[in-house]
Amino acid sequence: MTHTARRIGRTLALVLPVVLVLSGTLAVATVPWAAKNSEAQILTASSDKASVRAKSRAPQDVLRDKLLVELQEKDPGIALTHLQRQIEERPSLAKHCMSLARALGRAAVAHYGPTRAQSFSRPVCDTSFAYGVSQQTAGH
């Protein structure tokens, strides 16, 4: 009987660690953060996305967003004045002036309606603001 008990003990001593390691590995492999696709990985220490830098935005895009916020909070006249000043201060933005003024015109129609938006029109960037108002009013 002692010999049989010793043999069972040795077998368990060899088999039990293998079973525990395999079951632990399988348990870890089935958690959501160990999935193969990158979207499901939540807790990875060496994620590919960790070292990716945020893309810098173009100056005209930053200015457009700033002017659109100003148009919403104050009025299109103030936004157009600031657009004109920015173009004077930074001549590199002049090539974007017409598209910026058109975007302001479209946003003014959306916020104030076509008649009131047109009342803010100024000769900034070859009347592109007025063109944006008319474009938005026509549904383009």
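Me: What makes a stretch of this predicted model count as a helix or a strand?

Reply: A helix is a DSSP run of H or I with at least four residues, and a strand is a run of E with at least two. By that definition, the secondary structure of the protein comes to six helices and zero strands. Read along the sequence, the pattern is α-α-α-α-α-α.

Me: How do you know that the span of helix α2 agrees with its number of residues?

Reply: Helix α2 holds 15 residues, 59-73, and the expected span at 1.5 Å a residue is 21 Å. The C-alpha atoms at its ends are 21 Å apart, so the two values agree.

Me: Which residues of α2 are called buried, and what makes them so?

Reply: Buried means under 20% relative accessible area. Gln60, Leu63, Leu67, Glu70 and Leu71 of α2 are buried. They cover an arc of only 100° around the axis, and therefore lie on the same side of α2. Among the elements that cover these buried residues are α3 (76-89) and α4 (97-112).

Me: Which exposed residues does the face of α2 turned away from the buried side carry?

Reply: That face carries Lys66 and Glu73. The word exposed requires a relative accessible area over 50%.

Me: Why is the pair Asp65 and Arg57 called a salt bridge?

Reply: The rule asks for a side-chain nitrogen of Lys or Arg within 4 Å of a carboxyl oxygen of Asp or Glu. The side chains of Asp65 and Arg57 meet at 2.1 Å, N to O, so the pair satisfies the rule. Asp65 has a relative accessible area of 34% and is partly exposed; Arg57, with 49%, is partly exposed as well.

Me: How many salt bridges does this rule give, and where is Arg64 placed relative to Asp61?

Reply: The count comes to two salt bridges. Arg64 and Asp61 form one of them, at 3.0 Å, N to O. These residues are three apart in helix α2, and are therefore separated by about one helical turn. In general, an α-helix has 3.6 residues a turn, so residues three or four places apart point the same way.

Me: Why are Arg64 and Asp61 called partly exposed?

Reply: The term applies between the limits of 20% and 50%. Arg64 has 23% relative accessibility and Asp61 has 28%, so both residues count as partly exposed.

Me: What makes Val19 partly exposed, and which surface patch does Val19 help to make?

Reply: Val19 lies in helix α1 (residues 2-29). Its relative accessibility is 44%, so Val19 counts as partly exposed. Together with Leu14 and Val15, Val19 makes a nonpolar surface patch of about 280 Å².

Me: Which residues of helix α6 are buried, and what covers them?

Reply: Helix α6 spans residues 128-138, and its buried residues are Ser128, Phe129, Ala130, Gly132, Val133 and Gln135. The cover includes α3, α4 and α5 (114-119). After α6 comes Gly139, whose phi is positive, near 90°.

Me: What is known of the protein as a whole, in burial, contacts and exposed area?

Reply: Of its 140 residues, 25% count as buried. Among contacts between residues at least 6 apart in sequence, 61% join residues at least 24 apart. The protein exposes about 10,100 Å², and carbon and sulfur atoms supply 59% of that area.

How values were computed
Residues numbered from 1 in each chain as written. Predicted model: local features only at pLDDT ≥ 70, side-chain atom pairs only at ≥ 80, totals over all residues. Heavy atoms only, no water. Expected span 1.5 Å × (residues − 1). Buried < 20%, exposed > 50% of the residue type's maximum accessible area, 1.4 Å probe, protein only. Arc of directions from axis to C-beta. Contact = heavy atoms within 4.5 Å. Patch = residues over 30% accessible without salt bridge, like charges linked within 9 Å, V, L, I, M, F, W, Y side chains within 5 Å. Areas by Shrake-Rupley, 256 points an atom, 1.4 Å probe, with all protein chains shown as cover.
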